[in-house]
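Here is a short briefing to read alongside the sequence and the 3D view. Keep the structure open and find each part as you go.

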Amino acid sequence: MECHILSKDKVKDFLNALGNYELVAPLTRNGVTAFEPIANPQEAELDLINQPHPPKRFIFPQTEVLLTFDKANKAKEPKTRAGQKQQIIFGIRPCDARSFSILDPVFEKDYPDPYYLNKRESTILIGIQCSQPYPNCFCTSVGGDPSSSEGLDLLLFDLGESYLLEVITPKGEQLTKETSSVLSAPSADQEKEKDKIQAEAREKIQRNIEIQAIPEKIKEHFDHTIWKELAEKCISCGICTYTCPTCYCFDIQDERIKGKGARVRIWDSCMFSEYTLHASGHNPRPTRAERLRNRIHHKFKQNIELYGVPGCVGCGRCITLCPANEDLIENLQEIRKL
Amino acid sequence: MDNQKLVDEAIKILSQEDVKCIIGYSKDSNGFRVSPLFVRNKGDAEKLFFSPLCSMSLINYLTLEKGNFLRENKDAQGEKIAIMARGCDSRALMQLITEKGIAREEVIILGVPCRGVIDLKKIEAKFPGVRTCAEVTEDQDTYRVCFDNESHEIPREELLADHCKYCAFPNPLVHDLLLDEPVEQKPANYADIEAMEKKELDEKHEYWKEKFSQCLRCYACRNACPLCYCDNCILERLSPSWVNRSVNLPENVVFHLARSYHLAGRCAGCGECERVCPAHLPLMLLNRKLEKDIKELFGYTAGTDSEEKPVFASFNPKDPEDFIL
């Protein structure tokens, strides 16, 4: 694997050299840290631990205009955003980067989705190896790793004074050519350091869950009372789904004022009772038990059957951010015990 | 609070034939997080506890789902639910009772005098990454925070939830039994609201613009609220659609103003909306501004008088009307 050295004092120059791209990076603004578009490379903060909100929205936005219409002109304009400017998501964690390889088949197969795919194709992901996992991280249980390069174009390893920059894809290689003036060659010691960091990071993951038996358990115990018990604390809000890097459900609405308007696609959440509400008034998932079961079923059974991987990267956000202390890992453990 | 008293009372209540469930706080927690606990047998009653970490309001579970899920038999008449309630929670209960959202005889209220609770966001920022179960005790001005065999003394002011700093009703106003001695009550204090009122319009506009543009529209503020229990919520209506589903600044503004106005004269001040918000929106500023206005205009404070009709369900010829256009 081709590697380079990027000295920490040259990160700013590295990002400046990429001035032709739209840059997204983690930063703190008014006390809130998040992935945001940045105009000034100095704003990027790479030493922050992983962010409460994943950068999914830069490829699959929460609100997206699909087309606009004007009744007076009988005009309909689709917005597929072809020819979109290339963007770089800088400082993304391996779990969030992996989420795109879980989302890709959803938007590619059967009905290719130009809105997602155009943005996906014009996005370059520069990841940073995760040396400070959250207490609720469990990526290693769902096929990930704090040093995973899946979905990434370039991956940075923090060596203290500098970063070791690993090239993953041709897109990433192209970037290193554009920034070659600020990169240097690594020494053999520095490459060895990388192996040590990888091993250390794995050790820091505190939580884990064996998921092999889960799909069968869900199938076998679909009508079990456990779902009601597990859902008892849930308050049916959308925090777990809206902060999940792999949730992709959406709704489509026509929003208009006086004959002018737009067809918009907005995130939806299977935890809302309205999500499955029929026009007749019937709701096939009337209580929180069916909704929580659906979320676990989708992520740990259906996604595996359809795409071969669980619909979860183990980032732990749904656990950390749940206002009622629902704990996905504990819930899965209860299901395993059945 | 004497925890044994809580456990003993819980066991006593559970032995009553008409009580099938007690809603309280659980010791089975991780880090600084406390879980709600639904106690249905005496063994589980041992897990009940209360500490300054119990920042969640439990009242919402009484109205969260239609055809109350807590009851063993949905049609059972006279089946009661027991629930732990702090001062603010008791206001929410009282408000629900006066609105006929719940019936007084359906609940057994275990009153918890409360000196304020810890803001989880503040304590997690102070001690990041703690996973082992932490314990917190308090004295007059300090919290003692213990985890991983370490003990830290932190000034109360540093960790206390913002809305608790202004709380005028720390003792349960309605209860069937009190689990501790009443604590000192302070007069209503709207210093935060007065400071906001003094700001220039432009400054306020900039402040809220920045806050509202962070909203995720996850509906956690609505779902966590003990007083948000409408079958048909204005924020979900599609025909007519009062609030569009697009997530952007204008729609987010309407979303939050509609929500806070629907709680005018009803908000019990428990701070759940603010506590659950993943975008850190200061929603209690809106709720408390309306509480202050209604107090000044109508001399009414929600959830403090079981005899009084809800402010917007009553009419007095002397009601001020100079704000009506």
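In which sense do strand β8 and strand β9 of chain A pair, and over how many bridges? Strand β8 (residues 154-158) and strand β9 (residues 162-167) of chain A pair in the antiparallel sense, over five bridges. Keep in mind that this is a predicted model.

**Confidence**

- The predictor gives the complex an ipTM of 0.93 and a pTM of 0.93.
- Chain B has an average pLDDT of 92. In that chain, 96% of the residues score at least 70.
- Where pLDDT is low, the predicted coordinates should not be read in detail.

**Chain A as a whole**

- Chain A contains 11 helices and 12 strands.
- Its C-alpha atoms fill a box of roughly 65 × 60 × 40 Å along the principal axes.
- Chain A has a radius of gyration of 22 Å. A compact globule of 338 residues would have a value near 20 Å, so the two agree.
- Of the 338 residues in chain A, 40% are buried.
- Take the contacts in chain A with a separation of 6 or more. Residues 24 or more positions apart account for 74% of them.

**Two domains in chain A**

- The domain assignment splits chain A into domain 1 (3-53 + 80-204) and domain 2 (214-337).
- The centres of domain 1 and domain 2 of chain A, taken over C-alpha atoms, are separated by 28 Å.
- Where the domains touch, domain 1 of chain A gives 20 residues and domain 2 of chain A gives 18 residues.
- On the domain 1 side of this contact in chain A, 11 residues are nonpolar, seven are polar and two are charged.

**The eight-stranded sheet of chain A**

- Eight strands of chain A form an open sheet with mixed pairing. Their order is β3-β2-β6-β7-β8-β9-β1-β10.
- Which strands lie at the edges of this sheet? They are β3 (32-37) and β10 (183-184) of chain A, and each pairs on one side only.
- Strands of a sheet pair through backbone hydrogen bonds, either parallel or antiparallel.
- The β8-β9 pair of chain A belongs to this sheet. Within the pair, Leu154(A) has Val167(A) in β9(A) as its bridge partner.

**Strand β12 of chain A and its partners**

- Strand β4 (residues 63-70) of chain A pairs with strand β12 (residues 260-267) of chain A in the antiparallel sense, over seven bridges.
- Val65(A) has Val264(A) in β12(A) as its bridge partner.
- Strand β11 (residues 250-257) of chain A also pairs with β12(A) in the antiparallel sense, here over eight bridges.
- Opposite Asp251(A), in β12(A), stands Ile266(A).
- The hairpin of β11(A) and β12(A) has two residues between the strands. In this hairpin, Lys258(A) takes a positive phi near 50°.

**Where the chains meet**

- Chain A and chain B each give 29 residues to the contact between them.
- On the chain A side, the elements that give two or more residues are α8 (239-242), β11 and β12.
- Which element gives the most to that side? It is β11(A), with three residues.
- By class, the chain A side has 13 nonpolar, 10 polar and six charged residues.

**Backbone details to look up**

- Most residues other than glycine have a negative phi, and most peptide bonds are trans.
- Asp110(A) has a positive phi near 60° and is not a glycine. Asp110(A) sits in the loop between α2 (94-108) and α3 (114-121) of chain A.
- Is Asp110(A) buried or exposed? Asp110(A) is exposed, because it has 8 other C-beta atoms within 10 Å, and 12 or fewer count as exposed.
- Tyr219(B) also has a positive phi, of about 65°. Its place is in the loop between α8 (201-212) and α9 of chain B.
- Tyr219(B) has 25 C-beta neighbours inside 10 Å, so it counts as buried. The cut-off for buried is 20 or more.
- A cis peptide bond, with omega about 0°, joins Ser239(B) and Pro240(B). Pro240(B) lies in the loop between α9 (220-224) and α10 (249-262) of chain B.

**One more loop residue in chain B**

- Ala103(B) is in the loop between α3 (87-98) and β5 (107-111) of chain B.
- Ala103(B) counts as exposed because it has 10 C-beta neighbours inside 10 Å.
- Ala103(B) and Leu281(B) are 178 residues apart in sequence. In space they are 33 Å apart, C-alpha to C-alpha.

Methods
Residues numbered from 1 in each chain as written. Chains lettered and ligands numbered in written order. Predicted model: local features only at pLDDT ≥ 70, side-chain atom pairs only at ≥ 80, totals over all residues. pLDDT = per-residue confidence, 0-100. Pairing = 2+ DSSP bridges. Helix = DSSP H or I, 4+ residues; strand = E, 2+ residues; numbered from the N terminus. Contact = placed C-beta atoms within 7 Å. Nonpolar A, V, L, I, M, F, W, Y, C, P; charged D, E, K, R; others polar. Domains from an automatic or database assignment. Rg over C-alpha atoms; globule rule 2.2 N^0.38 Å.
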